[in-house]
Amino acid sequence: MKDALVLLMTPNMSLEKWDSLGQLSRELNYYDKLCKKSGFKLIIYSYGRQEKPLNDYPHITVLQKFGWIPTRIPFRVQNWIYHLSSLFFYRKYFKKALICKTNQFSASGFGLLLKFFYRIPLVVRMGYYYSHFKPISRIRGLSEKMAFRSADLILTTSPEAANYIIRQYRIDPQKLLFTCNNIDLEIFKPLPFDKEWDLIFVGKLQAQKNIALVLEVVNKLNAKTLLIGKGSLEPMVSVAVGNNKNITWKKRVDNSDLAAYYNKAKCFLLLSEYEGNPKVLLEAMACGLPSVVTSVPGIRECIAHQLNGIVVPQDPDHIKTQIEALLSDDSRMKQIGENARHWVKEKCSMSENIDKEMAFYASFLLKNNP
């Protein structure tokens, strides 16, 4: 009986890595709710080698990379061996699949193999997409064109990305669904905590997040700041923490615990150079925080300047002035925060978005399996 949804993780991603980033509880919470509503059993195709069993989720099966695949060869070669051998060794699981979904676009290659060999309908999810504003190579363009045209359904979290995909690759709009990222409003909500920090930043410490600008702004302010995250720019953050007693840095906080940290801060800061549909921003907004953000794709779709957040150029002095003005006006912070939560409740409810996603699948399956 076909009753499973196969989730293809991003190549080289694993449940262990999700856990190290504090994201495992967020992802499993979503799929646990989705499976309970839909009746699906979930099969996760992971790139980990020694994944811990998910004892609290009996309806989830985890497939992992075979131990006999050499670790000394390049990851790309490892993955090709894993993909091709999986078609045989994991065939009993794939034969149970009613639908296959990528967690990100980069998993679509193996998704197409499953579609070809096992005739599993393929859903390409674009949780993070920037080709619509950043030049890409011809090869990347061809791979996107093939994947989008071959996919049965496409999910995207950005209306800009959705419109670009439809226009650029001549995709039938009916096979594409746009919804913002899902936020569990039962977890992320205003909570009665005392404020310990003026500013909070949550995210990977990498160039895309404009960490250098974040630190420059924080160093100009006399504001207590909490940074949560890890990544390649940790040495830069470590130096800043050593030189500024107002900065507190936590490398990892589990997603299930983040709501408390958001609620202990007055304002959320996100100065990225580009984004998809940033969950950390949506989570902060759901907790009733006003946010100071840059006007870039993925962010500008969520924030209306002065209404549910403050949009700033990448100018440290201007950002400093805007933050100081916001922090000095409690009533303004409260109103912007309330507007932010209202926006997330309308656009990002996990429960409502799961219903939309399941209806999207059901319509397709009914049409193609009368």
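Modeller: An axis is a line fitted to C-alpha atoms, for helices over the stretch in contact, and an angle runs from 0 to 180 degrees between N-to-C directions. The model discussed here is predicted.

Colleague: With that in mind, how do you know whether H8 and H9 are parallel to each other or not?

Modeller: Helix H8 (residues 211-220) and helix H9 (residues 234-243) pack at an angle of about 5 degrees, their axes being 10 Å apart. Angles under 35 degrees count as roughly parallel, and H8 and H9 are therefore described in that way.

Colleague: Which residues make the contact between H8 and H9?

Modeller: On the side of H8 the contact is made by Ile211, Ala212 and Leu215, and on the side of H9 by Met236, Val237 and Ala240.

Colleague: What makes the phi of Asn210 worth a remark?

Modeller: Most residues other than glycine have a negative phi. Asn210 is not a glycine, yet its phi is positive, near 60 degrees. Asn210 belongs to the loop between strand S8 (197-202) and H8.

Colleague: Is Asn210 buried or exposed, and how do you know?

Modeller: The relative accessible area of Asn210 is 9%. Buried means under 20%, so Asn210 is buried.

Colleague: What is the phi of Gln306, and where does Gln306 lie?

Modeller: Gln306 also shows a positive phi, of about 70 degrees, without being a glycine. Gln306 is placed in the loop between strand S12 (291-294) and strand S13 (310-312).

Colleague: Why does Gln306 count as partly exposed?

Modeller: Gln306 has 40% relative accessibility. The partly exposed class lies between the limits of 20% and 50%, so Gln306 is assigned to that class.

Colleague: Let us turn to the sheet. What is the order of the strands in the open sheet of 7 strands?

Modeller: The order is S3-S2-S1-S4-S5-S6-S7, and the pairing is parallel.

Colleague: What makes strand S3 and strand S7 edge strands?

Modeller: Strand S3 (60-63) and strand S7 (176-178) each pair on one side only. Neighbouring strands of this sheet are turned by 20 degrees against each other on average, with direction ignored.

Colleague: How do you know that strand S4 and strand S5 pair?

Modeller: Two strands pair if at least two bridges are found between them. Strand S4 (residues 97-102) and strand S5 (residues 122-126) have 2 bridges, in the parallel sense. Cys100 stands opposite Leu122 in S5. Helix H5 (residues 108-118) lies across strand S1 (4-8), strand S2 (41-45), S4 and S5, and runs at about 170 degrees to S5.

Colleague: Why does Thr156 count as buried?

Modeller: Thr156, in strand S6 (residues 153-156), has 2% relative accessibility. The limit for buried is under 20%, so Thr156 meets it. Leaving aside residues up to four places away in sequence, Thr156 touches residues including Met126, Leu176 and Phe178.

Colleague: Why is the pair of Tyr262 and Phe268 called edge-to-face?

Modeller: Their ring centres are 6.1 Å apart and their planes stand at 70 degrees. A pair requires centres within 6.5 Å, and planes over 60 degrees apart count as edge-to-face, so the name applies to Tyr262 and Phe268. Both residues are buried. The count of aromatic pairs comes to 22.

Colleague: How do you know that the charged end of Lys264 sits over the ring of Tyr261?

Modeller: The distance to the ring centre must be within 6 Å, and the charge within 35 degrees of the ring normal. The charged end of Lys264 sits over the ring of Tyr261, 5.9 Å from its centre. Arg91 lies over the face of Phe88 at 4.2 Å from the ring centre, and Phe88 is one of the residues in an aromatic cluster that also includes Phe89 and Tyr90.

Key:
Residues are numbered from 1 along each chain as its sequence is written. This is a predicted model: local features need pLDDT of at least 70, side-chain atom pairs count only at pLDDT 80 or more; totals for chains, interfaces and linings use all residues. Side-chain values use heavy atoms; hydrogens and water are left out. Rings of Phe, Tyr and Trp (its six-membered ring) pair if their centres lie within 6.5 Å; planes under 30 degrees apart count as stacked, over 60 as edge-to-face and the rest as tilted. Buried means under 20% relative accessible area, exposed over 50%, partly exposed in between (1.4 Å probe, protein chains only). Helices (H or I, at least four residues) and strands (E, at least two) are DSSP runs, numbered from the N terminus. Contact means heavy atoms within 4.5 Å. Angles under 35 degrees count as roughly parallel, over 145 as roughly antiparallel, 65 to 115 as roughly perpendicular and the rest as oblique.
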